[in-house]
Amino acid sequence: MQLKKSYINISKVTALAIIASNSLYAENYVSVEFLQYNENDNRVAVSAPSFSTSYDIGTDYNIKADFVHDAVSGATPSWQPDSNSGASSRDNSGDYQYKNQEFTEARNAGSVMLTTRFENRDELYTGFDYSRESDFDSKAISAEYMHYTDKSHNQSVNIGVSYSFNELLAYQYDSGSGASQKEESNSLNIQAGISQVLNDHSALKVEGFTIIDDGYLTNPHANVVRNNNTNNQKLVTENRPDKRTAYGVNLKYITLLNDDMSYKVNYRFYADDWDINSHTIDNDIYYKMNKQLTFGVGLRYYIQSEANFYNENKDFFTNEEYASSDERLSDFDALTYKTSIDFKQNDKISYNLGGEFYSQSTGLDASMVTLGLKYKF
Amino acid sequence: MIKVLLLALSVSLFMGCSLVKEVKPWEKETLAKPIMQFGGLHPEVTKFESHVYFSKEASRGGSGVAGGGCGCN
């Protein structure tokens, strides 16, 4: 009986650790997920199968690994020569159109994370991520430490840092030769926060973060028009500053509305020295309908201001150092409608099906469907 | 930046002063439910979502330090 009571307490302490730190949910499983993502106007389509596994090594270690393959096809909008106006590629005459530019791409990405639990149940997460495409490679290392500040493990603080090394092939549109050259960028991400159990049915997490990007940050596939309607007009690759410093704060709150329904809200504020500010509020409700079925709905709202070197007008740019017409740097807002259903066949096997619809004020609409299977062992 | 941090600190202190109730380990059954995880029911799906937003929006961060770059942005 005493043994059973101890076991229950250990389980609940583990549960607390999960809530207070938002750490890795400690369990052994393998899961496969499939994502199908489609944009309107025959833009980007992505098919992405993924594999993920988590394994506890004793009580002090957990290792988690995942892999995803993205098969990307479609088109992305950029300034292009208007074929109807007589302009040819890389021509300095004729007219230009903001239209879709077709492409295909494949991306393989994976990550490994080791969780180490210490005697006081503090946790250290160390990770390695990689991502590889035909013209882009990224490798990243990360570490994060989570420390409980009280005996009941109701409060924890965490601090983490990651550093990524990126290499890309940059095509200069105006070079005329189609040649590319290797460019580099790197990113430093520092994050610190506090998690607090508020009562027996709600918890809060507050985190601050800063991100410093350095190197070649230009999108080599995006063009701008300079000196339009002059003798010196030209279509060239956009140019962005080679440094970007961002900071922000993230607040998460989760509570149980009744025995079977939870509500989670996440607010993020972001700002950077390109003059982009954004606000994100993300809401999710999960309803456990019975022992097997859990239903979820969610709504996310996002709004951002435009970068100080962005303009969509082809008559705008002349000889400015920095210039971009990439609509992702424009001011817009976006809504995401989310729904999901989970079916738990038994204690080991569960299935999930999710659908999302994303709509930007730029005119971009996208749908996302996920289908997954998880096996616990 | 300082204003935002002060606001976050104030909220934390306010919570600490008035809304926090000590919860004993045996009172945490509710908090252990799968529907009570900050990362959602399926972290893998959350990772998909984050990647989509990363590729279509100009801001990022706040969801952990792990993760690498991508040519999509």
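This is a short tour of chain B and of the place where chain B touches chain A, in a model that is predicted.

Begin by selecting the whole of chain B, where you will find 2 helices and 0 strands. If you colour chain B by confidence, keep in mind that its mean pLDDT is 80 and that 75% of its residues reach 70 or more. For the complex as a whole, the predictor gives an ipTM of 0.88 and a pTM of 0.88. Of the 73 residues in chain B, buried ones make up 45%.

Next, show chain A as well and select the residues that form the contact, which takes 46 residues from chain B and 87 residues from chain A. On the side of chain B that touches chain A, α1 (2-19) and α2 each supply at least two residues, and the largest share, 7 residues, comes from α1(B). Colouring that side of chain B by class will pick out 24 nonpolar, 13 polar and 9 charged residues.

Now select residues 43-56 of chain B, which are helix α2, with 14 residues and a reach of 20 Å from the first C-alpha to the last, close to the 20 Å expected at 1.5 Å a residue. Which residues of α2(B) are buried? Show the side chains of E44(B), V45(B), K47(B), F48(B), E49(B), H51(B), Y53(B) and K56(B), since these are the buried ones in this helix.

Finally, keep those residues on screen and add four strands of chain A, namely β1 (29-39), β2 (45-57), β17 (349-360) and β18 (365-376), against which the buried residues of α2(B) pack.

Conventions:
Residues are numbered from 1 along each chain as its sequence is written. Chains are lettered from A and ligands numbered from 1 in the order in which they are written. The expected span of a helix is 1.5 Å times one less than its number of residues. A residue is buried if 20 or more other C-beta atoms lie within 10 Å of its own, exposed if 12 or fewer, and partly exposed in between; C-beta atoms are placed from the backbone. Two residues are in contact if their C-beta atoms, placed from the backbone, lie within 7 Å. Ala, Val, Leu, Ile, Met, Phe, Trp, Tyr, Cys and Pro count as nonpolar, Asp, Glu, Lys and Arg as charged, and the others, Gly among them, as polar. pLDDT is the predictor's confidence in each residue, from 0 to 100.
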